Amino acid sequence: MAEVVGTTENELAWTPEEPAGQEQTGQEQAGQEQAGQEQARSGGTAGPATPLPPYSDNDTLVVNAPVIELDQVTKSYRAGSLDVTALRGVSARIGTGEYVAIVGPSGSGKSTLMHIIGCLDVLTSGSYRLSGEDVGGMSEADLAEIRNRRIGFVFQQFNLLPSLSAWRNVELPLTYRGMRREVRRARAVAALDRVGLADRVEHRPGELSGGQQQRVAMARALVGDPSLILADEPTGNLDSTATGDVLDLLDELHQQGRTIVLITHELDVAARAHRVVRIRDGLVESDTAAS
Ligand SMILES: Nc1ncnc2c1ncn2[C@@H]1O[C@H](COP(=O)(O)OP(=O)(O)O)[C@@H](O)[C@H]1O
Ligand SMILES: [Mg+2]
């Protein structure tokens with residue numbers, strides 16, 4: 001199966017400000033070959049109940065169909081006798097294939113927003129449509145299916161299970177899909193190879209550096225071939241080299257047509273995205289194309 005490329009213009013259309021000391025990893029090419037194999041392999045497995053929406057074709061990215069439509073979203077948490085309002089009316093549309101950074105100070109509501117976008121939590125009022133479907137009307141089983149099939153998550157704290165080897169962590173999303181163990185293992189190993197960790201498949205998280213652990217988490221996020229990647233401060237615990245590796249991987253996933261939503265409070269990290277949504281006190285303060 002031919003690999004979908006054809007996004008070189010995107011790469012040239014903007015010049016990110018590279019953080020000092022960052023180097024190209026040279027993983028891109030190997031990763032793209034791997035992607036082709038992985039997609040071919042996923043074609044042979046049991047298909048999802050609802051087919052994935054197309055997120056790219058051979059020539060052009062489908063950038064206009066909104067994948068995320070938030071309309072006046074609010075979220076309040078009840079903490080003891082206190083109501084904390086984390087989101088106070090957020091409206092935004094994110095198109096298929098966009099790479100958006102959500103930035104804002106600590107406590108501004110970024111993670112809350114990601115939990116809602118990722119169907120990990122439900123909103124208090126307003127509406128959220130994902131690929132045109134109203135998430136508010138979905139059952140918990142529907143939401144679990146969406147999280148598993150369509151969304152890849154990456155968190156600041158990696159969220160790996162310490163007792164499991166790298167490949168066992170990576171295959172976890174596939175265990176809910178009724179795939180045979182050999183198929184799961186092959187896909188997990190391919191995903192680890194793609195993030196440059198082919199020689200660490202049997203290592204446990206505690207035997208890996210922070211940067212390597214985050215690459216395991218990224219392999220886990222992409223093993224199910226999701227169309228949407230949500231990353232919440234993925235570089236928050238990493239040094240500049242590991243930060244560069246994670247951002248290069250996100251660039252690669254974006255170039256393959258995936259929609260990326262990257263939460264960060266670091267402006268040089270946000271500069272890798274093509275659009276920046278600024279959140280303050282639970283509201284969108286600005287929403288601009290990256291310079
Ligand atoms: N589970 C929760 N229970 C109560 N309050 C919460 C919870 N999660 C977040 N909050 C509050 O909501 C606000 C926004 O938090 P969060 O979305 O984590 O912000 P950010 O990710 O931008 O730092 C904060 O005031 C925080 O204390
Ligand atoms: Mg947060």
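In the predicted model, Y77 of β1 has V84 as its bridge partner in β2. These two strands pair in the antiparallel sense, and 11 bridges join them. Together they form a hairpin with 2 residues between the strands, in which G80 adopts a positive phi near 65°. β1 also pairs with strand β4 (residues 125-130), again in the antiparallel sense, here over 5 bridges. Within this second pairing, T74 has S125 of β4 as its bridge partner.

Y77 and V84 recur in the surroundings of ligand 1, where the shell also includes A79, A86 and G104. The remaining residues around ligand 1 are S106, G107, S108, G109, K110, S111 and T112. Two or more residues of this shell are contributed by each of β1 (66-79), β2 (82-95) and α3 (110-117). The largest share, 3 residues, belongs to α3. Sorted by class, the shell around ligand 1 comprises 4 nonpolar, 7 polar and 1 charged residues.

Helix α3 is itself mostly covered, with 6 of its 8 residues buried. The buried positions in α3 are K110, T112, L113, M114, I116 and I117; of these, K110 and T112 also belong to the shell around ligand 1. Just after α3, C119 takes a positive phi of about 60°.

A separate set of strands, 6 in number, builds an open sheet of mixed pairing in the order β6-β7-β8-β3-β9-β10. β6 and β10 (283-289) occupy the edges and have a single partner strand each, so that one side of each lacks a neighbour in the sheet. From one strand to the next, the twist averages 15°. Within this sheet, strand β3 (residues 99-103) and strand β8 (residues 259-264) pair in the parallel sense through 5 bridges, and A101 has L262 of β8 as its bridge partner. Helix α8 (residues 240-255) packs on the sheet, where it touches β3, β7 and β8, and its direction makes about 155° with that of β8.

At one edge of the sheet, β6 runs parallel to strand β7 (residues 228-232) and is joined to that strand by 5 bridges. In this pairing V154 stands opposite A231 of β7. Strand β6 (residues 151-155) is mostly covered, as 5 of its 5 residues are buried. In a regular strand, side chains alternate between the two faces of the sheet. In β6 both faces are covered: I151, F153 and F155 are buried on one side, and G152 and V154 are buried on the other.

The loop between β6 and α5 (166-175) contains F158, which has a positive phi of about 65° although it is not a glycine. N159 is found in the loop between β6 and α5 as well, and this residue, also not a glycine, has a positive phi of about 55°. The surroundings of the two residues were assessed from their C-beta neighbours. F158 is buried because 21 other C-beta atoms lie within 10 Å, where 20 or more are required. N159 has 14 C-beta neighbours inside 10 Å and therefore counts as partly exposed.

The largest nonpolar core has 67 residues, and those with the most contacts inside it are I102, V170, L192, M218, A219 and L230. Helix α7 (residues 210-222) supplies the largest share of this core, 6 residues. The contacts of L192, leaving aside its neighbours within four places in sequence, are with A166, W167, V170, L197, A198, R200, V201 and A219. Two of these partners, V170 and A219, are likewise listed among the core residues with the most contacts.

Helix α6 (residues 181-194) includes A186. With 17 other C-beta atoms within 10 Å, A186 is partly exposed, since this class lies between the limits of 12 or fewer for exposed and 20 or more for buried residues. The C-alpha atom of A186 is separated by 9.1 Å from that of E171, although the two residues are 15 residues apart along the chain.

How values were computed. Residues are numbered from 1 along each chain as its sequence is written. Chains are lettered from A and ligands numbered from 1 in the order in which they are written. This is a predicted model: local features need pLDDT of at least 70, side-chain atom pairs count only at pLDDT 80 or more; totals for chains, interfaces and linings use all residues. Helices (H or I, at least four residues) and strands (E, at least two) are DSSP runs, numbered from the N terminus. Two strands pair if DSSP finds at least two bridges between them. A residue is near a molecule or strand if its C-beta atom, placed from the backbone, lies within 6 Å of it. Ala, Val, Leu, Ile, Met, Phe, Trp, Tyr, Cys and Pro count as nonpolar, Asp, Glu, Lys and Arg as charged, and the others, Gly among them, as polar. A nonpolar core is a set of buried Ala, Val, Leu, Ile, Met, Phe, Trp, Tyr and Cys residues joined through C-beta atoms within 7 Å. Two residues are in contact if their C-beta atoms, placed from the backbone, lie within 7 Å. Axes are lines fitted to C-alpha atoms, for helices over the stretch in contact, and angles run from 0 to 180 degrees between N-to-C directions.
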